[in-house]
Amino acid sequence: MDNDVSAGSTTTIVGRLALGITLLAFGLGYTDVIDGVTAADAVSLAHYVGGVALFIAGLLALRDRDTANGTAYAVLGALWFTWAVSAGAQVSDNAAGLFLLLFALVALSLAFAGGDQLGQGTYGLFFVSLLLLAVAQFADSGSLTKAGGWFAVAAGAVAWYAATAALAHWPTALPRRAAGRGVTATG
C-alpha cells in the first residue's frame, strides 16, 4: 500500500466528516450563493453535528491518545456549540468580531500543530475564514463576509475530502519529488 494512502482512524474520519459538513453549511450560508440560505440556517447543524458530535469525537480521540485530533475536535466542537447556542443573541459587532478572532487564533494554532497536509490545509483555510469574518464584523463589510464564507466552504471541502479519502483509500498527501529531479535552467 502506498504510504500516502491511509485508512485513518474511525474518530478522525468521523471528526473530519462532522467538521466538513458543518463548515460547508456555515460557509455556504455566508456566501449568498444559494437564494434564501443564510449562515443562520446552519445553526441546528452546527449545534448537533459541529458541536455535540465533534466534541464527542474529540473526547474519543483523546481516549485513544490521539492528542492532536482530540484537541482539535474538542475545541472546535466547543466553538460550534457556542456559536449555535448564541445565534440570535443581541451582541455588538465588535463582540462578535472578537469571538471570531479568538477562534481564528485557535484554528491557526491547529494549523501549526502539525499532522497531515489535509488537516493543516483545513485548519489554515478555516483560520483565514474566521479572520475575514472577524474583520467583516469590525468593519461591517459584506464583501469580506462573503470571502470568509468561501474560505469556510474550501475548508469544509478539504475536511470532507480527507474523510472520504481515508474511507476510499484515496491519496491523502501531495506527491513529493525525488532529490535531484527538480526543474533545471538551460542556457
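**Two pockets in a predicted model**

By class, the residues lining the largest pocket comprise 12 nonpolar, 4 polar and 1 charged, and I start from that count because the wall of a pocket is what I would like us to look at together this morning. Please keep in mind throughout that what we have here is a predicted model.

Let me stay with this largest pocket for a moment. The space inside it comes to about 500 Å³, and its lining is made up of 17 residues, among which Tyr-30, Trp-83, Ala-87, Val-91 and Ala-96 lie nearest the centre. Which helices each supply at least two residues of this lining? They are helix 3, running over 67–86, and helix 4, running over 93–112, and of the contributors it is helix 4 that gives the most, with 5 residues.

Now I turn to the second largest pocket, whose volume is about 340 Å³. Its lining consists of 23 residues, and those nearest its centre are Thr-12, Arg-16, Asn-69, Gly-115 and Asp-116. Here the lining divides into 9 nonpolar, 12 polar and 2 charged residues, whereas for the largest pocket, as I said at the start, the numbers were 12 nonpolar, 4 polar and 1 charged.

As for where this second lining comes from, at least two residues each are supplied by helix 1 (10–31), helix 3, helix 5 (117–139) and helix 6 (142–168), and the largest share, 5 residues, comes from helix 3. Helix 3 therefore deserves a second look on the screen, since it also supplies at least two residues to the lining of the largest pocket.

Methods:
Residues numbered from 1 in each chain as written. Predicted model: local features only at pLDDT ≥ 70, side-chain atom pairs only at ≥ 80, totals over all residues. Heavy atoms only, no water. 1 Å grid on protein atoms, 1.4 Å probe; cavity = no way out; pocket = protein on both sides within 12 Å on 5 of 7 lines; lining within 4 Å. Points joined across faces, edges and corners; volume = space filled by probe spheres on them. Helix = DSSP H or I, 4+ residues; strand = E, 2+ residues; numbered from the N terminus. Nonpolar A, V, L, I, M, F, W, Y, C, P; charged D, E, K, R; others polar.
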